[in-house]
Amino acid sequence: MLRQVNPRNARSKRALEKREPKAIENPKTCLFLRGSTCSQVVQDALNDLHQMRQPLAKKFTKKNPIHPFDDASSLEFFSEKNDASLLVFGSSQKKRPHTLTFVRTFGYKVLDMLELSLDAESYRTIAQFKTKKFAVGLRPMLLFAGTAFESPVANEYTLTKSMLMDFFKGEPADKIDVEGLQYIVSVSAEDSTGDGDVKPAVHLRVYLNHTKRSGQRLPRVEVEEIGPRMDFRIGRVREADETMLKEALKKARGLEERPKKNITTDAMGDKLGRVHLGKQDLSDLQLRKMKGLKRSREERREDKEEFAKNEEAKRIKQ
(Lines give C-alpha, C1' and ligand atoms only; values in the text may rest on other atoms or scores of the structure.)
Protein backbone atom coordinates (compact mmCIF):
# COMPACT_ATOMS: atom_id res chain seq x y z
CA MET A 1 0.00 0.00 0.00
CA LEU A 2 1.15 3.53 -0.74
CA ARG A 3 1.56 5.92 2.15
CA GLN A 4 -0.67 8.98 2.51
CA VAL A 5 1.05 11.94 0.87
CA ASN A 6 0.42 15.47 2.11
CA PRO A 7 1.06 18.23 -0.44
CA ARG A 8 4.04 20.43 0.29
CA ASN A 9 3.42 23.06 -2.36
CA ALA A 10 0.75 24.24 -4.78
CA ARG A 11 2.04 22.06 -7.59
CA SER A 12 1.74 18.81 -5.62
CA LYS A 13 -1.65 19.92 -4.32
CA ARG A 14 -2.93 20.36 -7.89
CA ALA A 15 -1.56 16.92 -8.79
CA LEU A 16 -3.43 15.30 -5.89
CA GLU A 17 -6.63 17.15 -6.74
CA LYS A 18 -6.34 15.82 -10.27
CA ARG A 19 -6.58 12.27 -8.91
CA GLU A 20 -9.57 12.92 -6.65
CA PRO A 21 -12.98 11.52 -7.65
CA LYS A 22 -14.91 13.82 -9.97
CA ALA A 23 -18.46 14.04 -11.24
CA ILE A 24 -17.09 13.64 -14.79
CA GLU A 25 -13.98 11.47 -14.68
CA ASN A 26 -10.88 12.00 -16.77
CA PRO A 27 -10.19 9.68 -19.74
CA LYS A 28 -8.79 6.34 -18.61
CA THR A 29 -5.06 5.75 -18.93
CA CYS A 30 -3.92 2.24 -19.85
CA LEU A 31 -0.70 0.77 -18.46
CA PHE A 32 1.08 -2.02 -20.36
CA LEU A 33 3.20 -4.48 -18.34
CA ARG A 34 5.14 -7.64 -19.16
CA GLY A 35 5.77 -10.67 -16.99
CA SER A 36 9.01 -12.35 -16.09
CA THR A 37 8.56 -14.74 -19.04
CA CYS A 38 7.16 -12.98 -22.11
CA SER A 39 7.47 -14.28 -25.67
CA GLN A 40 8.29 -12.08 -28.64
CA VAL A 41 4.75 -12.58 -29.97
CA VAL A 42 3.25 -11.12 -26.79
CA GLN A 43 5.74 -8.23 -26.82
CA ASP A 44 4.73 -7.37 -30.41
CA ALA A 45 1.05 -7.57 -29.42
CA LEU A 46 1.65 -5.21 -26.49
CA ASN A 47 3.44 -2.77 -28.82
CA ASP A 48 0.53 -2.82 -31.30
CA LEU A 49 -2.10 -2.31 -28.61
CA HIS A 50 0.01 0.46 -27.07
CA GLN A 51 0.20 2.17 -30.46
CA MET A 52 -3.57 1.97 -30.90
CA ARG A 53 -4.19 3.34 -27.40
CA GLN A 54 -1.99 6.44 -27.80
CA PRO A 55 -1.83 9.05 -26.29
CA LEU A 56 -3.66 7.61 -23.23
CA ALA A 57 -1.09 4.85 -22.67
CA LYS A 58 2.03 4.05 -20.67
CA LYS A 59 4.32 1.10 -21.37
CA PHE A 60 6.90 -0.53 -19.10
CA THR A 61 9.57 -2.81 -20.55
CA LYS A 62 11.00 -4.18 -17.31
CA LYS A 63 10.13 -7.77 -16.34
CA ASN A 64 7.70 -8.10 -13.43
CA PRO A 65 7.14 -11.39 -11.55
CA ILE A 66 3.37 -10.90 -11.35
CA HIS A 67 0.64 -13.56 -11.28
CA PRO A 68 -2.62 -11.57 -11.67
CA PHE A 69 -5.09 -14.30 -10.70
CA ASP A 70 -3.02 -15.42 -7.68
CA ASP A 71 -1.99 -12.05 -6.22
CA ALA A 72 -3.20 -8.75 -7.70
CA SER A 73 -1.53 -6.47 -5.14
CA SER A 74 1.29 -5.59 -7.57
CA LEU A 75 -1.22 -4.55 -10.23
CA GLU A 76 -3.03 -2.35 -7.70
CA PHE A 77 0.31 -0.77 -6.77
CA PHE A 78 1.10 0.04 -10.41
CA SER A 79 -2.43 1.34 -10.94
CA GLU A 80 -2.21 3.80 -8.04
CA LYS A 81 1.39 4.80 -8.74
CA ASN A 82 0.67 5.68 -12.39
CA ASP A 83 -3.00 6.74 -12.02
CA ALA A 84 -4.08 4.08 -14.55
CA SER A 85 -7.56 2.56 -14.53
CA LEU A 86 -6.80 -0.01 -17.25
CA LEU A 87 -3.91 -2.48 -17.34
CA VAL A 88 -2.79 -4.99 -19.96
CA PHE A 89 -0.39 -7.65 -18.68
CA GLY A 90 1.46 -9.89 -21.13
CA SER A 91 3.06 -13.19 -20.21
CA SER A 92 3.89 -16.54 -21.73
CA GLN A 93 4.14 -19.84 -19.85
CA LYS A 94 4.28 -23.48 -20.84
CA LYS A 95 0.76 -24.08 -19.54
CA ARG A 96 -0.65 -20.78 -20.86
CA PRO A 97 1.42 -19.55 -23.84
CA HIS A 98 1.00 -16.09 -25.37
CA THR A 99 -1.59 -14.63 -22.95
CA LEU A 100 -2.82 -11.08 -22.56
CA THR A 101 -4.65 -10.21 -19.33
CA PHE A 102 -6.94 -7.16 -19.41
CA VAL A 103 -7.53 -5.63 -15.97
CA ARG A 104 -9.95 -2.89 -14.87
CA THR A 105 -9.63 -1.13 -11.53
CA PHE A 106 -11.94 1.01 -9.41
CA GLY A 107 -10.41 3.13 -6.69
CA TYR A 108 -7.07 1.50 -7.53
CA LYS A 109 -8.53 -1.89 -6.59
CA VAL A 110 -8.98 -4.67 -9.14
CA LEU A 111 -12.56 -4.70 -10.42
CA ASP A 112 -12.46 -7.54 -12.96
CA MET A 113 -9.94 -9.41 -15.12
CA LEU A 114 -10.04 -11.21 -18.46
CA GLU A 115 -7.36 -13.53 -19.85
CA LEU A 116 -7.07 -13.92 -23.64
CA SER A 117 -4.77 -16.47 -25.29
CA LEU A 118 -3.30 -15.15 -28.54
CA ASP A 119 -2.95 -17.48 -31.52
CA ALA A 120 0.69 -17.07 -32.59
CA GLU A 121 0.18 -18.70 -36.00
CA SER A 122 -2.48 -16.28 -37.28
CA TYR A 123 -1.15 -13.16 -35.54
CA ARG A 124 0.00 -10.33 -37.82
CA THR A 125 1.53 -7.08 -36.55
CA ILE A 126 0.77 -3.58 -37.79
CA ALA A 127 4.21 -3.37 -39.43
CA GLN A 128 3.44 -6.40 -41.62
CA PHE A 129 0.62 -4.49 -43.35
CA LYS A 130 2.20 -2.11 -45.86
CA THR A 131 -0.78 0.25 -45.91
CA LYS A 132 -1.62 3.75 -44.80
CA LYS A 133 -2.21 4.10 -41.06
CA PHE A 134 -4.73 6.17 -39.10
CA ALA A 135 -3.80 9.34 -37.22
CA VAL A 136 -2.87 9.10 -33.55
CA GLY A 137 -5.54 10.06 -31.02
CA LEU A 138 -8.63 9.26 -33.11
CA ARG A 139 -11.44 7.16 -31.73
CA PRO A 140 -12.39 4.06 -33.75
CA MET A 141 -15.79 2.80 -34.73
CA LEU A 142 -16.47 -0.48 -32.92
CA LEU A 143 -18.26 -3.43 -34.48
CA PHE A 144 -19.18 -6.55 -32.49
CA ALA A 145 -20.49 -9.41 -34.63
CA GLY A 146 -21.74 -12.68 -33.21
CA THR A 147 -24.59 -13.98 -31.10
CA ALA A 148 -22.21 -14.64 -28.19
CA PHE A 149 -21.88 -10.90 -27.53
CA GLU A 150 -25.67 -10.44 -27.37
CA SER A 151 -26.30 -12.89 -24.55
CA PRO A 152 -28.84 -11.54 -21.99
CA VAL A 153 -26.93 -13.40 -19.25
CA ALA A 154 -23.52 -12.05 -18.28
CA ASN A 155 -20.73 -14.40 -19.39
CA GLU A 156 -17.13 -14.26 -20.59
CA TYR A 157 -18.15 -12.91 -24.02
CA THR A 158 -20.20 -10.03 -22.63
CA LEU A 159 -17.23 -9.27 -20.37
CA THR A 160 -14.94 -9.31 -23.43
CA LYS A 161 -17.22 -6.85 -25.20
CA SER A 162 -17.34 -4.54 -22.17
CA MET A 163 -13.56 -4.74 -21.66
CA LEU A 164 -12.70 -3.97 -25.30
CA MET A 165 -15.21 -1.11 -25.42
CA ASP A 166 -13.50 0.41 -22.38
CA PHE A 167 -10.07 -0.15 -23.95
CA PHE A 168 -10.88 1.55 -27.28
CA LYS A 169 -13.16 4.24 -25.83
CA GLY A 170 -10.59 7.04 -25.57
CA GLU A 171 -11.56 10.59 -24.74
CA PRO A 172 -15.26 11.49 -24.61
CA ALA A 173 -16.55 13.66 -27.45
CA ASP A 174 -19.66 15.85 -27.46
CA LYS A 175 -19.61 16.28 -31.23
CA ILE A 176 -18.36 13.89 -33.91
CA ASP A 177 -16.56 15.02 -37.03
CA VAL A 178 -17.05 12.68 -39.98
CA GLU A 179 -13.45 13.28 -41.04
CA GLY A 180 -12.30 11.74 -37.74
CA LEU A 181 -14.01 8.39 -38.42
CA GLN A 182 -10.99 6.92 -40.15
CA TYR A 183 -10.86 3.31 -38.98
CA ILE A 184 -12.99 0.44 -37.68
CA VAL A 185 -12.19 -2.14 -35.02
CA SER A 186 -14.15 -5.30 -35.79
CA VAL A 187 -14.54 -7.98 -33.11
CA SER A 188 -16.33 -11.15 -34.16
CA ALA A 189 -17.05 -14.43 -32.41
CA GLU A 190 -17.74 -17.73 -34.08
CA ASP A 191 -21.02 -19.53 -33.48
CA SER A 192 -20.98 -22.17 -30.79
CA THR A 193 -20.38 -25.70 -32.08
CA GLY A 194 -22.32 -27.31 -29.25
CA ASP A 195 -19.23 -28.71 -27.55
CA GLY A 196 -19.07 -27.25 -24.05
CA ASP A 197 -15.30 -27.70 -23.70
CA VAL A 198 -14.33 -25.70 -26.80
CA LYS A 199 -15.25 -22.02 -26.61
CA PRO A 200 -15.69 -20.02 -29.84
CA ALA A 201 -12.66 -17.97 -30.85
CA VAL A 202 -12.67 -14.16 -30.87
CA HIS A 203 -11.26 -12.45 -33.96
CA LEU A 204 -10.01 -8.84 -33.83
CA ARG A 205 -9.48 -6.97 -37.11
CA VAL A 206 -8.73 -3.31 -37.85
CA TYR A 207 -9.78 -1.65 -41.12
CA LEU A 208 -9.12 1.78 -42.62
CA ASN A 209 -12.02 3.63 -44.26
CA HIS A 210 -11.76 4.93 -47.84
CA THR A 211 -14.47 7.19 -49.27
CA LYS A 212 -14.74 7.26 -53.06
CA ARG A 213 -17.05 8.88 -55.56
CA SER A 214 -20.23 7.01 -56.26
CA GLY A 215 -22.05 9.39 -58.61
CA GLN A 216 -24.58 10.06 -55.88
CA ARG A 217 -24.86 12.33 -52.89
CA LEU A 218 -23.44 9.73 -50.49
CA PRO A 219 -19.90 8.48 -51.14
CA ARG A 220 -18.98 4.84 -51.59
CA VAL A 221 -17.10 3.46 -48.60
CA GLU A 222 -14.42 0.78 -48.90
CA VAL A 223 -12.35 -0.76 -46.11
CA GLU A 224 -8.75 -1.96 -46.12
CA GLU A 225 -7.14 -4.06 -43.40
CA ILE A 226 -4.27 -2.25 -41.67
CA GLY A 227 -3.54 -4.53 -38.71
CA PRO A 228 -3.10 -5.85 -36.19
CA ARG A 229 -4.79 -9.20 -36.85
CA MET A 230 -5.43 -11.13 -33.64
CA ASP A 231 -7.30 -14.33 -32.83
CA PHE A 232 -8.03 -15.02 -29.16
CA ARG A 233 -9.24 -17.86 -27.02
CA ILE A 234 -10.89 -16.81 -23.77
CA GLY A 235 -9.09 -18.18 -20.71
CA ARG A 236 -9.54 -17.40 -17.03
CA VAL A 237 -12.05 -14.77 -15.93
CA ARG A 238 -12.45 -12.87 -12.67
CA GLU A 239 -15.86 -11.23 -12.47
CA ALA A 240 -16.51 -8.03 -10.57
CA ASP A 241 -17.83 -8.11 -7.02
CA GLU A 242 -21.49 -7.01 -6.94
CA THR A 243 -20.94 -4.40 -4.23
CA MET A 244 -17.91 -2.90 -5.97
CA LEU A 245 -19.61 -2.99 -9.38
CA LYS A 246 -22.66 -1.18 -7.99
CA GLU A 247 -20.39 1.48 -6.52
CA ALA A 248 -18.45 1.80 -9.79
CA LEU A 249 -21.63 2.28 -11.84
CA LYS A 250 -23.02 4.95 -9.53
CA LYS A 251 -23.47 8.34 -11.19
CA ALA A 252 -23.24 11.74 -9.58
CA ARG A 253 -26.49 13.58 -8.98
CA GLY A 254 -27.42 16.25 -11.46
CA LEU A 255 -25.75 14.57 -14.44
CA GLU A 256 -28.78 12.56 -15.52
CA GLU A 257 -30.78 14.17 -18.27
CA ARG A 258 -34.23 15.08 -17.00
CA PRO A 259 -37.03 13.45 -18.97
CA LYS A 260 -39.00 15.95 -21.02
CA LYS A 261 -42.76 15.82 -20.75
CA ASN A 262 -44.88 14.73 -23.73
CA ILE A 263 -41.79 13.66 -25.74
CA THR A 264 -41.29 9.99 -26.61
CA THR A 265 -39.08 7.97 -28.93
CA ASP A 266 -40.51 5.20 -31.08
CA ALA A 267 -38.90 1.89 -32.05
CA MET A 268 -37.22 3.47 -35.09
CA GLY A 269 -35.51 6.12 -32.96
CA ASP A 270 -37.71 9.01 -34.16
CA LYS A 271 -38.64 11.62 -31.57
CA LEU A 272 -42.37 12.25 -31.19
CA GLY A 273 -43.95 15.18 -29.35
CA ARG A 274 -47.50 15.75 -28.11
CA VAL A 275 -48.97 19.24 -28.08
CA HIS A 276 -51.98 20.05 -25.83
CA LEU A 277 -54.33 22.80 -27.09
CA GLY A 278 -57.39 24.36 -25.52
CA LYS A 279 -60.88 24.32 -27.00
CA GLN A 280 -60.86 26.33 -30.22
CA ASP A 281 -63.68 28.60 -31.40
CA LEU A 282 -63.71 28.29 -35.18
CA SER A 283 -66.31 31.04 -35.53
CA ASP A 284 -63.62 33.64 -34.84
CA LEU A 285 -61.29 32.16 -37.45
CA GLN A 286 -60.34 34.76 -40.03
CA LEU A 287 -60.94 33.40 -43.52
CA ARG A 288 -59.98 34.84 -46.83
CA LYS A 289 -62.76 37.03 -48.19
CA MET A 290 -64.11 35.67 -51.46
CA LYS A 291 -67.11 36.69 -53.48
CA GLY A 292 -68.40 33.14 -53.43
CA LEU A 293 -68.51 33.24 -49.62
CA LYS A 294 -70.42 36.55 -49.35
CA ARG A 295 -74.05 36.40 -48.22
CA SER A 296 -76.74 37.85 -50.45
CA ARG A 297 -78.78 40.97 -49.57
CA GLU A 298 -81.90 38.94 -48.77
CA GLU A 299 -79.98 36.60 -46.48
CA ARG A 300 -78.55 39.57 -44.59
CA ARG A 301 -82.03 41.11 -44.26
CA GLU A 302 -83.44 37.84 -42.94
CA ASP A 303 -80.63 37.59 -40.42
CA LYS A 304 -81.33 41.11 -39.18
CA GLU A 305 -85.06 40.36 -38.80
CA GLU A 306 -84.33 37.14 -36.94
CA PHE A 307 -81.88 38.96 -34.65
CA ALA A 308 -84.52 41.67 -33.95
CA LYS A 309 -87.16 39.03 -33.08
CA ASN A 310 -84.77 37.34 -30.65
CA GLU A 311 -83.98 40.63 -28.94
CA GLU A 312 -87.71 41.45 -28.65
CA ALA A 313 -88.40 38.01 -27.12
CA LYS A 314 -85.64 38.52 -24.55
CA ARG A 315 -87.03 41.97 -23.62
CA ILE A 316 -90.57 40.60 -23.12
CA LYS A 317 -89.31 37.78 -20.86
CA GLN A 318 -87.53 40.30 -18.66
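Where is the place of Tyr 108? I looked this up before anything else, and the place of Tyr 108 is in the loop between E4 and E5. The model I am reading is predicted.

**Entry: backbone at Tyr 108 and Asp 83**

I checked phi at Tyr 108 and found a value near 60°, which is positive in a residue other than glycine. I then looked up the exposure of Tyr 108: its relative accessibility is 21%, so the residue counts as partly exposed. The limit for buried is under 20%.

I noted a positive phi for Asp 83 as well, at about 50°, although Asp 83 is not a glycine. Asp 83 lies in the loop between H3 and strand E3, the latter being residues 86-91. With 31% relative accessibility, Asp 83 counts as partly exposed.

**Entry: cis peptide bonds**

I went through omega next. The peptide bond from Gln 54 to Pro 55 is cis, with omega near 0°. I placed Pro 55 in the loop between helix H2 (40-53) and E2.

I also recorded a cis peptide bond that joins Gly 227 and Pro 228, with omega at about 0°. Pro 228 has its place in the loop between strand E9 (220-225) and E10.

**Entry: overall form**

I counted secondary structure elements: the protein has six helices and twelve strands. For the radius of gyration I have 33 Å, whereas a compact globule of 318 residues would be near 20 Å. The C-alpha trace spans about 115 × 60 × 45 Å along the principal axes of the protein. Of the 318 residues, 30% are buried.

**Entry: the cavity**

How many cavities of 30 Å³ or more does the structure hold? I found one. The space in the largest cavity is about 40 Å³.

I listed the lining of the largest cavity: Leu 49, Phe 102, Leu 116, Leu 164, Phe 167, Phe 168, Leu 204, Met 230 and Phe 232. Helix H4 (156-167) and strand E10 (230-238) are the elements that give two or more residues to this lining. By class, I have nine nonpolar residues there, no polar and no charged.

**Entry: the largest pocket**

I took the volume of the largest pocket as about 2,100 Å³. Helix H1 (10-19), strand E4 (99-106), strand E5 (109-118), H4 and helix H5 (242-248) each give two or more residues to its lining. The lining has 50 residues, and those nearest the centre of the pocket are Glu 25, Lys 28, Ser 85, Phe 106 and Ala 248.

Which element gives the most to the lining of the largest pocket? I have H4 there, with five residues. I sorted the pocket lining by class and got 19 nonpolar, ten polar and 21 charged residues. The cavity lining, by contrast, has no charged residues.

**Entry: aromatic pairs**

How many aromatic pairs does the structure hold? My list has eight.

I looked at Phe 60 and Phe 78, an edge-to-face pair with 6.1 Å centre to centre and 65° between the planes. Phe 60 lies in strand E2 (residues 57-64) and Phe 78 in helix H3 (residues 73-82), so the pair ties together parts that are 18 residues apart in sequence. I checked the exposure of both partners. Phe 60 is partly exposed at 28% relative accessible area, whereas Phe 78 is buried at 16%.

I then took Phe 149 and Tyr 157, which also form an edge-to-face pair, at 6.3 Å centre to centre with 75° between the planes. Phe 149 counts as buried at 3% relative accessibility, and Tyr 157 counts as buried at 5%.

**Entry: the aromatic cluster and Arg 53**

I noted one aromatic cluster formed by Phe 32, Phe 102, Phe 167 and Phe 168. I cross-checked this against the cavity entry: Phe 102, Phe 167 and Phe 168 are among the residues that line the largest cavity.

What sits over the ring of Phe 167? I found the charged end of Arg 53, 5.7 Å from the ring centre. Phe 167 thus appears in my notes under three headings: in the cavity lining, in the aromatic cluster and under the charged end of Arg 53.

Methods: Residues are numbered from 1 along each chain as its sequence is written. This is a predicted model: local features need pLDDT of at least 70, side-chain atom pairs count only at pLDDT 80 or more; totals for chains, interfaces and linings use all residues. Side-chain values use heavy atoms; hydrogens and water are left out. On a 1 Å grid over the protein atoms alone, a cavity is a set of points where a 1.4 Å probe fits but cannot get out, and a pocket is an open set with protein on both sides within 12 Å along at least five of seven lines; lining residues have an atom within 4 Å of a point. Grid points are joined across faces, edges and corners, and a volume is the space filled by probe spheres set on the points. Helices (H or I, at least four residues) and strands (E, at least two) are DSSP runs, numbered from the N terminus. Ala, Val, Leu, Ile, Met, Phe, Trp, Tyr, Cys and Pro count as nonpolar, Asp, Glu, Lys and Arg as charged, and the others, Gly among them, as polar. Rings of Phe, Tyr and Trp (its six-membered ring) pair if their centres lie within 6.5 Å; planes under 30 degrees apart count as stacked, over 60 as edge-to-face and the rest as tilted. Buried means under 20% relative accessible area, exposed over 50%, partly exposed in between (1.4 Å probe, protein chains only). A charge sits over a ring if NZ of Lys or CZ of Arg is within 6 Å of the ring centre and within 35 degrees of the ring normal. The radius of gyration is taken over C-alpha atoms; the globule rule is 2.2 Å times the number of residues to the power 0.38.
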